[in-house]
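Colleague: Hey, got a minute to walk me through this one? I'd like to go bit by bit.

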Amino acid sequence: MSIENETFRPKIVAFCCNWCSYAGADLAGSSRLVYPADVKIIRVPCSCRVNPMFILRAFEKGADGVIMCGCHPGDCHYSTGNYYARRRMTLLFSMLDFIGVENGRTRVEWVSAAEGVKFSTTMNEFVEKITSLGPNVRLEDLRCRN
Amino acid sequence: MYKIAKSNLPELYKAIAGSKELYLPLENAGQVNFGPWSEDCTPDIETLKSVKSPKDVFFPQSENLYTCQKEGKNIKIDPEKLKDQDFVVFGMKSCDVKGVEVLDKVFLADPIDTYYAARRDHGIIVAMACHEPEESCFCKVFGIDAADASSSIADVATWMIGEDLYWKPLTEKGEALTSELSGLLSSDGDENKVEEEKQAITAIINKLPYSDLSLEGWDGDHFEEKFNATNWEELYKPCLACGTCTFVCPTCQCYDIKDYNTGNGTQRYRCWDSCMYSDFTMMAHGNNRNSQMQRFRQRFMHKLVYFPTNNDGMYSCVGCGRCVEKCPASLNIVKVIKNFGGDK
Amino acid sequence: MQELVNRAKELLADGTVSRVLGWKAGDMSYNPEPAYFNSAEELENFVYDGFCGANLSKYMIEASKLEGKTLVFLKPCDTYSFNQLIKEHRVDREKAYIIGVGCKGKLSVENIKAQGIKGIESIEGAGMNDGCDTLTIKTLYGDKTCSYNDAMLERCHVCKGKEHQISDEVMLESRDTKDAERFAQVEAIEAMTPEEKFAFFQKELSKCIRCNACRNVCPACSCRKCVFDSTKYDTAQKANVTSFEEKMFHIIRAFHVAGRCTDCGECSRVCPQGIPLHLFNRKFIKDIDTFYGEFQAGEDTESRGPLTNFTFDDVEPSIVGERG
Amino acid sequence: MQRVGVFVCHCGSNIAATVDVKKVVEMVSLEPGVVHAEDYQYMCSEAGQARIDAAIKEKGLTGIVVCSCSPRMHEATFRKAAERAGLNPYMVEIANIREHCSWIHKDMEEATKKAVVLARAAIAKVNLNAPLQPGESLVTKRALVIGGGIAGIQTAIDIADAGYEVDIVEKTPSIGGRMSQLDKTFPTLDCSACILTPKMVEAAAHEKITIYTYSEVDKVTGFVGDFTVDIRKKARSIDMNKCTGCGVCQEKCPSKKTPSEFNRGLNTRSAIYTPFAQAIPNVPVIDRDACIKFKTGKCGICEKVCQAGAIDYEQKDEIVTQKYGAIVVATGFDVIKVDQYEEYAYSQSKDVITSLELERIMNAAGPTKGHLERLSDGKHPKEMVFIQCVGSRCSDDKGKSYCSKICCMYTAKHAMLIRDKYPDVNVTVFYIDVRTPGKNFDEFYRRAVEDYGVNYIKGQVGKVAPQPDGSLLVQGVDLIDNKQILKKADMVVLAAAIEPEKDVRRIATMLTASIDTNNFLTESHAKLRPVESPTAGVFLSGVCQGPKDIPETVAQAGAAAVKAIGLLAKDKLLTNPCTAKADELMCNGCSTCANVCPYGAITYETKEINDHGIRETRRVASVNNALCQGCGACTVACPSGAMDLQGFSNRQILAEVDAICR
Amino acid sequence: MSECTCHDKYSLDTLVPQIGIITDIRQETPDVKTFRVNAPEGGKLFEHMPGQCAMVCVPGVGEAMFSITSSPTNKEYQEFSIKKCGVLTDCLHSLEVGDQITVRGPYGNNFPVDTELKGKDLLFVAGGIGLAPLRSVINYVIDNRADYGTVDILYGSRSADDLVQLKEIQEVWCKTEGVNVHLTIDREQEGWDGHVGFVPSYLKELEFANDKTVLVCGPPIMIKFVLQGLKELGFENEQIYTTFELRMKCGIGKCGRCNIGSKYVCKDGPVFRYDQVEELPNEY
């Protein structure tokens, strides 16, 4: 992989809860709010379905950034799911920071179904951030390099 | 008999590494393990035992066997390149050298394991006598001489005496290596000094607490008696079913073969496995060793009964004492042998 | 120590308990092993001294399946683990008769060997009646000494206290061994640059041989089937083929015990490669304390763990970046 | 692995203009499991669906991936299409290549690449899909209403009117609740009893309504559509069938020293009592703690005077077990204890009272027969001070963080009524804010200020000091004029915060309904599902969910009733098949999953497990499919991965991650 | 294959598989398919003996040991009868003709068709998918008919739909001279006019002469009762053979799983004579 020569295009996985953020992404789409194609969305029922293992797995397989989006605290379709997700992600991110993974490779954003604009700006920001961080080398599995 | 000042060893390493890969005991984050030499490594040949045995030089903890790719309906198989360059393992102790002999019985038996065989073909073993054996050592019990690797499969035997390392080639490979290094090795090593050292080591070995263990009754003839003994029922109880003993052991060779999906294909790799793990024997029909007692028994029966039965009496234990030192529950093969009356 | 044996014999004799779970003298001074004793005769081999570091609470999972009560000796820190196991319904309180035993700090022979002492024949001074200041060590290469505190396990230097959290009776005196801040090591790493942090853990974790000793000894890791063994979810790992897998294993392991880990330190004690595994757990504990209020797993058997709980105004994950 | 068919939709030019659909078809054909791939103008059209149908039948497809618009748009459409073709509807996955791809990307090559990746992820997922069947559960056509206040009564009447049996459980001897204690209601000032009593009578007379007063819910098991509830009918010591409600027993009862709960302790009642005159049922109860017969074994006067022979000292608590399809919680509220506010001297002076006490004082049936008088000396007050927000909107631990919502209005009501009836009384109100967002509310408040001359002062009261002359010195601040105010008052009325009835936590626990830190029951969604608890089949009516006034309560009661009726009208419930499922062989029985389940859907059973030859009795989790809503919180809480979510399984999501990252 | 030649120096590359192409798939029963496998260039992947096994692998999905159900006398292809019961077999069942898999083998010993079985009267007892390994022997025996005595085949299954290789049984085995086929199913079923009952009880009903050599394969519970039945009929352990192929893992006696005492199922087995089995420690 010759990163120097080509412009680096990050791989980004976005976990979106079905009820708010996925709908927010849909709204961003129907509003034609552009964000880079590097972001690929995985639909989950709720942010509390996102297992830290999924996030590490994404990095393992070559993702450069992972973002999780859910309903705003207090608005969870399942009433409390995102509160659990918030604690889990806070601890996970803190641990990643602890072992020296660059800050900013992971992010949580609460995006409601009405916030198409927020979804799009968040994704633009995130892609920019990851692009500036460069490829993920601290959490990748070398076997998956291609 | 050759010798080299210990202070010159870094030069020796560099010289070897100039033409070959060199594996030697390295200190890393407070622990000593065998690893490949590099400019900034920290060799440590004073520490008697590496945490892991150096078996991984020949039988790595994980190794790729081949890569498989799909192109439409077609499958393409790319076998991993075999070792095709000579390399040197420096500083293996007699017990670990014997351990390789044990592995040979497994991997070089028909059908030959090509990955292992290629490494053995290209490996040059520089053995080293144990200057100060420790209380956990019991190689003597298995007829291994920690003072002298001359009678083993090593290519070179060495001794650390005072400020010098004494060097004696044993095989053609060893001779060739020696001549390559002739610029660094002086040929005026005093045989007498080596003899003195051997005697000193032997004297200590004879004093070691485990040196008198008896292996009487650990053979195929007593298989039923040992297998059905009630001792196992109590012995295994503290066992945590971890793999520490098997992974530090120079002779444990159980492995698993697994696939890893790289996104562009499948890498088939082999990795160490442990017969102590609860689902080790989980196979198509179920699990034939369902209790930890059975698994525990299997490990020791294998080392002390089954393996010698199949290999002309050669035990699959070399008395290196690593399990004695590392078992989280302080269980080990010595306690097993003693429990069956081996300390009388 | 003899009083423990006597008491155990009494309890066996009067039928209160059917067996005793304790430590059996090893063949060296420093390697006693966890063991069951079924009779007064067997108890002759019972030992309790500075080298009895093993936390017996996890063995109670199996012991809870046996007929009758098991007398188990728990050190103060082990009782936290036992409580946590009660909370998770993994042990049966009714099947345990707990004698809380005092603790004067537990020893690690590795720490003694790290001082260049080898060929150990015997170690004096580790008994419960000893002064706990100096260990006298007879070796093949001459007699040596080592200060008790220098030989102590890391966990004892940051001891949570010598109060038993659960017990039917308490025996033997304890000694305060805390002489270091619990989170000092974590803080030292937190203060590093990302590059330094990464290099530190890369170096430490590269030693990992995936023997699973840390997991199997851990009283919180009591899953019947660990995700890393399960073939069901494509998450199984048997060896660290790349450095990623080392990190994955240790992060997820620590995450799975986050809020449940009592900081008993067994993981670091048993690691054959001397990896300071407690750092992962303690980092989570520190974060939990900072973010969600102080929480000590195993203090009780009822409360909700921090990861099965929340408040409406918990910190956002972005705090990690903001902290700088 | 499935036999997967991939269907790529052009969506006219919506997709095809930016995504090279032919290329997508070509690329996905190489994916594992894919045995068919095609593109079409409008996949959702009848012709498009017919193509799916045909391909399923011709190629024996077992999994379908549609690359089209958002699954929120047409997932249901394609699932139905698959079902018509004989495939399980849950074997369909959608790759969203419109909203998440063609509409937001300009570059065709880039968009096409992304579309392929999204399709791959969907293919990887569908390969691991398993057919799912929605479960069915029967609905018991009977509702339980917990609480017999206006909320409960209204809900019960509405449900009963729809033709379903309803039981009301009320813990006090009579239905009626807080509203029965009120004198007048804002903003219309009509008499509370006049509008409530007919409702009470209606409920009591309704053939579909059974009222259990002096009763409590003891135990709840089961789940939506099929709850089993134990109702404890506390021993009334009166045979309800015999009692005529003549009231003689109460007159003759010699024990008359018990503070009247109904009159907030402002006067006393007899040991055998009905709480108030219009009580329903009009059958007294014997307060066994106060009754001389029960305390000493002597007396028995009531038994002697009762001509109906209804007194029964031997009566015992009785447990009625009943099945319900829906449960409405209408447990209502109480006012907080104000004696903790020493600065207001409530416990020092009888003339410092709460607003609810004032209601009783002003009520013609109350302790003073409706005369406004000081309770200390019976004198008519000249100066009255009302203090707002006592315990509401507090930032400390003493009070409540929330606004109690009704106080501003009832204080305006009280002030107005007093000024109307006793023009000689000066009324001063200390307030933080006056909140009047309701129909005719602000007009009502303005009338109090403008027409009735009530003196409103924005500011807080620091201290109420009883004076030697029996008056009360109120020390406050006027925030507008920024000055200290010292005011002598004859009576001080505290607008105490309201809080949920104490019992609600116990009830919520039984129902596994969530409850917030203030003990208000949590609604399923703050905006969209305000009367449903997250626990299926449990509905919320009235103040148990949050502070509200009577019209709001009645409106919510009706809404809760409609939701309950909607449930009861179904014969069977189809349950969402994307529920959590525990692998018994892997489950540790640690309860971690149950701790995070918002629906109480996880229970534990102890059962014999055969784990590959190891037979053991184990505690294992079991998920009630009727309750589980499929959020997945438990799956992440479970360390061993024993708990998995059907339709969004660990393997499926990991496969998607892998497909995206490769 | 790659251009790398380093493997050529070693004669037996036991861990690197060959590519096999599926040339035919027969649906035997609702959950059993028989796959015909050829080398990509045509012909057989390797030679084998009856009772030997091979490791079949779908790259990325998994691999497992299956007995080769075709007879070595078949010179064109090899066949595997595979029951759908897990991740790998599910995947195999979704494959189509023309798809590629990888195969390595053959592994293990074989039924002693050229030694101990020669000239003997043979009795095959099979249950369900257990016919797969025996089918290889049966066809071998039929193709070398003169070398063996009478052949009795007792085969049973849960239902008539679960009998594998029914076509071959009816069209070849039943029509071969000196071969007697006894079919049974567990429960009555419409359209079935054959025997109904479990294999062990049918075995006793048939009262075979106890001078036959018996080859047994089937579910453990069936084997247990068949052994009892055979004992009752006077058979000795030395006359009975079975195969333990489900206990094979690496196939080359090195991975450490399949050993029962000092024997390795994958090297010393999978075919064992029952007197050998009796000597093994009780860990199977």
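Colleague: How many bridges pair β24(D) with strand β25 of chain D, and is the sense parallel or antiparallel?
Modeller: Bear in mind this is a predicted model. β24(D) and β25 (residues 472–478) of chain D pair over five bridges, in the antiparallel sense.

Colleague: OK, and which residue stands opposite D:V461?
Modeller: That's D:G476, in β25(D).

Colleague: What order do the strands of that open sheet come in?
Modeller: There are three, in the order β24-β25-β26 of chain D, with antiparallel pairing. β24 (461–466) and β26 (483–489) of chain D are the edge strands, each pairing on one side only. From one strand to the next, the twist averages 20 degrees.

Colleague: Switching topic: which residues touch the most other members of the largest nonpolar core?
Modeller: D:I64, D:C67 and D:A119, out of 546 residues in that core. Helix α5 (residues 108–126) of chain D gives the largest share, 11 residues.

Colleague: And what is D:A119 in contact with, leaving aside its neighbours within four places in sequence?
Modeller: D:V6, D:V24, D:V28, D:V65, D:C67 and D:A95. Another core of 17 residues lies apart from the largest one, and its members include D:C249 and D:I286.

Colleague: Last thing, how many residues of chain D are in contact with chain C?
Modeller: 16 residues of chain D, against 16 of chain C. On the chain D side, α16 (592–596) and α18 (650–661) are the elements that give two or more residues.

Colleague: What's that side like by class?
Modeller: The side of chain D that touches chain C has six nonpolar, eight polar and two charged residues.

Conventions
Residues numbered from 1 in each chain as written. Chains lettered and ligands numbered in written order. Predicted model: local features only at pLDDT ≥ 70, side-chain atom pairs only at ≥ 80, totals over all residues. Core = buried A, V, L, I, M, F, W, Y, C linked by C-beta atoms within 7 Å. Buried ≥ 20, exposed ≤ 12 C-beta atoms within 10 Å, placed from the backbone. Helix = DSSP H or I, 4+ residues; strand = E, 2+ residues; numbered from the N terminus. Contact = placed C-beta atoms within 7 Å. Pairing = 2+ DSSP bridges. Axes fitted to C-alpha atoms, helices over the stretch in contact; angles between N-to-C directions. Nonpolar A, V, L, I, M, F, W, Y, C, P; charged D, E, K, R; others polar.
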